[in-house]
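Colleague: Please choose a single part of this model and describe it closely for a first-year student. I should like to learn how that part is built and what surrounds it.

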Amino acid sequence: MIDIAQLADQHLDAARSDAHGRSAGVVAHDGELRQTVIALTAGSSLGEHNSPNAATLQVFRGRVRVESPAGDVEASSGHLWVLTHERHSVHAVEDSVFLLTTLTGLGRASHG
C-alpha cells in the first residue's frame, strides 16, 4: 500500500532542496497505467510538453495552473482535472503536490 501523504511530504521537501524546485517519482506503473507524484515549489514549473493520450491531474496540496492554447485552468487541493490533449505547461502558484495519472499506448479517435 502507498501512503500518498507521506510521499507528498517527501517530494515537497526534496523540491524545496532542488535548484529547479521540482521532485517527482513514479508510484504505480501497470501496463499502460502510470501514476507519478510531482512536487513543485511556488513559482516553479514543468515547461511546455505534449499531453499523453489520457491523463488526469489530482492536486493534494497547494495550487497549480495548467496553461494551454485552450486556456488556463487553476486547480487547488482536492481538485481532479482531466488534462486536455494539447501541449501544455504546469506552474505552481504556491508550493504544490499533485498526482499525475496517465495512460499510454491508446489510439485516439480520428476526426475527419
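Modeller: Two strands are said to pair if DSSP finds at least two bridges between them. By that rule β5 and β6 are a pair, joined in the antiparallel sense over 4 bridges. Please keep in mind that the whole model is predicted. The part I have chosen is helix α1 with the strands that cover it, and I shall return to β5 and β6 at the end.

Helix α1 comprises residues 4-17. At its start, a side-chain oxygen of Asp3 comes to within 3.2 Å of the backbone nitrogen of Ala5. The length of the helix can be checked by simple reasoning. With a rise of 1.5 Å a residue, the 14 residues of α1 should span 20 Å, and because the C-alpha atoms at its ends are indeed 20 Å apart, the expectation and the model agree.

Next comes the matter of which residues are hidden. In α1 the buried residues are Leu7, Ala8, His11, Leu12 and Ala15. Around the axis they cover an arc of only 130 degrees, and therefore they lie on the same side of α1. The face turned away from that buried side carries the exposed residues Arg16 and Ser17. As for the covering of the buried residues, it includes β1 (22-30), β2 (33-40), β4 (54-61) and β9 (96-103).

Two of the buried residues deserve individual attention. His11 has a relative accessible area of 12%, and because the limit for a buried residue is under 20%, His11 counts as buried. Its side chain is joined to that of Ser23 by a polar contact of 2.7 Å. Leaving aside residues up to four places away in sequence, His11 touches Ser23, Ala24, Gly25, Val37 and Ala39. Ala8 also belongs to α1. Its relative accessible area is 1%, so Ala8 is buried as well. With the same sequence neighbours left out, Ala8 touches Arg61 and Val97.

The covering strands belong to one sheet. It is an open sheet of 5 strands in the order β1-β2-β9-β4-β7, with antiparallel pairing. At its edges stand β1 and β7 (80-82), each of which pairs on one side only. On average, neighbouring strands of this sheet are turned by 20 degrees against each other, direction ignored.

One may follow the sheet strand by strand. β1 is joined to β2 by 8 bridges, and the two run antiparallel; Ala28, for instance, has Gln35 of β2 as its bridge partner. β2 and β9 likewise pair in the antiparallel sense over 8 bridges, with Arg34 standing opposite Thr102 in β9. On the other side of β9 in the strand order, 7 bridges connect β4 to β9, again antiparallel. There Gln58 has Leu99 in β9 as its bridge partner.

Strand β9 is mostly covered, since 6 of its 8 residues are buried. Thr102 is found in this strand. Its relative accessibility is 9%, which means that Thr102 counts as buried. Apart from residues up to four places away in sequence, Thr102 touches Glu32, Leu33, Arg34, Pro52, Ala54 and Ala55. Arg34, its opposite residue in the pairing, is thus among the residues in contact with it. Thr102 can also be set against Ala8 of the helix: the two are 94 residues apart in sequence and 18 Å apart in space, from C-alpha to C-alpha. A further rule helps in reading any such sheet: in a regular strand, the side chains alternate between the two faces of the sheet.

Finally, I return to the pair mentioned at the outset. β5 and β6 belong to an open sheet of 4 strands, ordered β3-β8-β5-β6 and paired in the antiparallel sense. The edge strands here are β3 (45-49) and β6 (73-76), each pairing on one side only. Within the pair of β5 and β6, Arg65 has Glu74 of β6 as its bridge partner. The hairpin that these strands form has 5 residues between them, and in it Gly71 takes a positive phi near 125 degrees. β5 (residues 63-67) also pairs with β8 (residues 88-92) in the antiparallel sense over 4 bridges, and Val64 has Ala92 of β8 as its bridge partner.

Terms used: Residues numbered from 1 in each chain as written. Predicted model: local features only at pLDDT ≥ 70, side-chain atom pairs only at ≥ 80, totals over all residues. Heavy atoms only, no water. Buried < 20%, exposed > 50% of the residue type's maximum accessible area, 1.4 Å probe, protein only. Polar contact = N/O pair within 3.5 Å; in protein donor to acceptor, adjacent residues only side chain to side chain. Contact = heavy atoms within 4.5 Å. Expected span 1.5 Å × (residues − 1). Arc of directions from axis to C-beta. Axes fitted to C-alpha atoms, helices over the stretch in contact; angles between N-to-C directions.
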